[in-house]
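Q: Please give a close account of the interior of this model. I should like to follow the nonpolar packing and then the polar and charged side chains that accompany it.

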Amino acid sequence: MNNKPNNYILDFTHVYCDEDMKNNSQFHWIDCSDIEGCDLYCSDEAAAEIQKRIMPYGTKGIHFIDSGNFHYITKITTDQIKQPFSLVVFDHHTDMQQPLVNEMMSCGDWAGLVLDQNPNLKQLILIGPDATDISQIDAIRKDRLLTFSAEELKNGTAQRKSTDILSGVPFYISIDKDVLSTRFTETNWNQGNMTLDMLEHLLGIILSRETICGIDICGEFRGIERYLYMALCGKVVYFVRLYLFHHLQDTHRVAEVGIVEVEIRMPLQVGDTLTVVHRRAAYGAVYVITFLQQELGKERAVLPGNAGD
């Protein structure tokens with residue numbers, strides 16, 4: 001298994017195909033559009049095939065995993081981590097519902113499966129759902145669950161619980177864009193009210209304090225409603241300005257019309273910096289993600305080898 005960060009895009013619905021990215025050598029394009037039984041619900045056969053395709057790339061790096069219908073990919077990915085770790089999930093939904101179809105994983109229950117079944121999970125930190133949804137979580141291992149509701153984030157009481165975050169292990173971060181308000185992005189699910197500034201702030205806190213073993217992002221949407229929304233607004237609605245960095249003061253921000261450049265400094269491999277250039281055309285969900293590797297000073301210790309080894 002490759003020890004270097006491997007950035008990849010999982011293409012289930014061709015949502016990323018508006019621009020030519022397949023020939024960019026800085027990330028891996030993994031075509032999953034031929035896999036059956038994987039939309040919303042994931043059969044055992046589909047899960048095995050997805051695992052087979054992503055296994056060679058490990059967990060390190062930034063992974064774009066299509067729409068929220070495929071958020072269960074996070075479970076398949078974190079099942080590869082063979083050492084203690086914590087999982088941070090930004091989501092408007094708990095993804096810990098009781099399964100409607102027994103013995104079949106779904107985008108609505110995958111997080112509950114990780115919480116109850118993954119022996120290497122130290123803590124699952126869930127950020128963004130409404131308090132009423134959190135109160136309905138029925139999990140066996142709730143002792144490993146730490147939640148920050150939308151209400152707690154809004155009224156400031158979430159800060160009191162921050163001391164309950166357990167450190168000392170690598171963190172895997174999973175972001176569903178439906179945690180954001182529709183003022184900032186459009187998804188195919190109902191959305192929360194988090195602002196981009198709040199998301200950036202919370203990510204900054206985590207990334208300045210913890211060692212990161214991987215990040216995935218879902219919540220893409222290519223429906224006609226989105227195109228109409230873009231046209232009516234007459235402006236670019238940016239994806240997610242993910243300013244991920246070692247230290248808050250190192251943030252590098254460049255914003256132009258239709259272009260957001262984000263410098264990402266993740267302790268995935270000594271000497272690697274990931275810079276994501278995200279471009280969106282004014283009338284559509286056009287995603288061009290280019291990953292540029294640059295030299296970094298050895299600012300902090302990194303994980304030896306691959307977390308998935």
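A: The account below begins with the basis of the values and then moves from the nonpolar cores to polar side chains, salt bridges and the main pocket.

The model is predicted, and a local feature is reported only at pLDDT of at least 70 and a side-chain atom pair only at pLDDT 80 or more, whereas totals for chains, interfaces and linings use all residues. Residues are numbered from 1 along each chain as its sequence is written, and side-chain values rest on heavy atoms, with hydrogens and water left out.

The protein has 309 residues, of which 56% count as buried; buried denotes a relative accessible area under 20%, exposed one over 50%, and partly exposed the range in between, with a 1.4 Å probe and protein chains only. Its secondary structure comprises 8 helices and 14 strands, taken as DSSP runs (H or I of at least four residues for helices, E of at least two for strands) and numbered from the N terminus. Among contacts (heavy atoms within 4.5 Å) with a separation of 6 or more, 65% are between residues 24 or more positions apart.

The largest nonpolar core contains 37 residues. Such a core is a set of buried Ala, Val, Leu, Ile, Met, Phe, Trp, Tyr and Cys residues joined through side-chain atoms within 4.5 Å. Leu10, Ile50, Tyr72, Ile73, Leu87 and Leu124 have the most contacts inside this core. Two or more residues each come from the strands β1 (8–11), β5 (85–90), β7 (121–127) and β10 (212–218), and likewise from the helices α1 (44–54), α2 (73–78) and α3 (110–117). Leu124 illustrates the packing: beyond residues up to four places away in sequence, Leu124 touches Leu87, Val89, Met96, Ala111, Leu115, Arg144, Leu145 and Leu146. A second core, separate from this one, holds 32 residues, including Phe27, Leu180, Phe184 and Met194.

Polar side chains are also found in the interior. Asn6 sits in the segment before β1 and is buried, at 7% relative accessibility. The side chain of Asn6 reaches the backbone oxygen of Tyr57 at 3.2 Å. Apart from neighbours within four places in sequence, Asn6 is in contact with His28, Tyr57, Lys60, Gly61, Ile62 and His63. Glu210 lies in the loop between α7 (196–209) and β10 and is likewise buried, with a relative accessible area of 9%. A polar contact of 2.8 Å links the side chains of Glu210 and Ser167. A polar contact here is a pair of N or O atoms within 3.5 Å; within protein, one atom must be able to donate a hydrogen and the other to accept it, and residues adjacent in sequence count only if both atoms are side-chain atoms.

Two loop residues have a positive phi without being glycine. Asp66, in the loop between β4 (62–64) and α2, has phi near 75 degrees and is buried at 1% relative accessible area. His14, in the loop between β1 and β2 (28–31), has phi of about 65 degrees and is partly exposed at 34%.

Side chains of opposite charge can pair when their charged atoms come close. The whole structure contains 6 salt bridges, each a side-chain nitrogen of Lys or Arg within 4 Å of a carboxyl oxygen of Asp or Glu. Lys161 pairs with Glu152, the closest N and O atoms being 3.3 Å apart, and both residues are buried. Asp34, Glu49 and Arg53 are joined into one network by salt bridges that share partners. Asp79 and Lys75 meet at 2.9 Å, N to O; Lys75 is buried at 12%, whereas Asp79 is partly exposed at 30%. Arg141 and Asp143 also meet at 2.9 Å, N to O, with Arg141 partly exposed at 29% and Asp143 exposed at 57%.

The largest pocket has a volume of about 480 Å³. On a 1 Å grid over the protein atoms alone, a pocket is an open set of points with protein on both sides within 12 Å along at least five of seven lines, and lining residues have an atom within 4 Å of a point. Grid points are joined across faces, edges and corners, and the volume is the space filled by probe spheres set on the points. Of its 19 lining residues, Phe148, Gln159, Ser162, Leu202 and Ile205 are the closest to the centre. At least two lining residues each come from β7, α5 (150–155), α6 (158–161) and α7, with α7 giving the largest share, 6 residues.

Conventions:
On a 1 Å grid over the protein atoms alone, a cavity is a set of points where a 1.4 Å probe fits but cannot get out, and a pocket is an open set with protein on both sides within 12 Å along at least five of seven lines; lining residues have an atom within 4 Å of a point.
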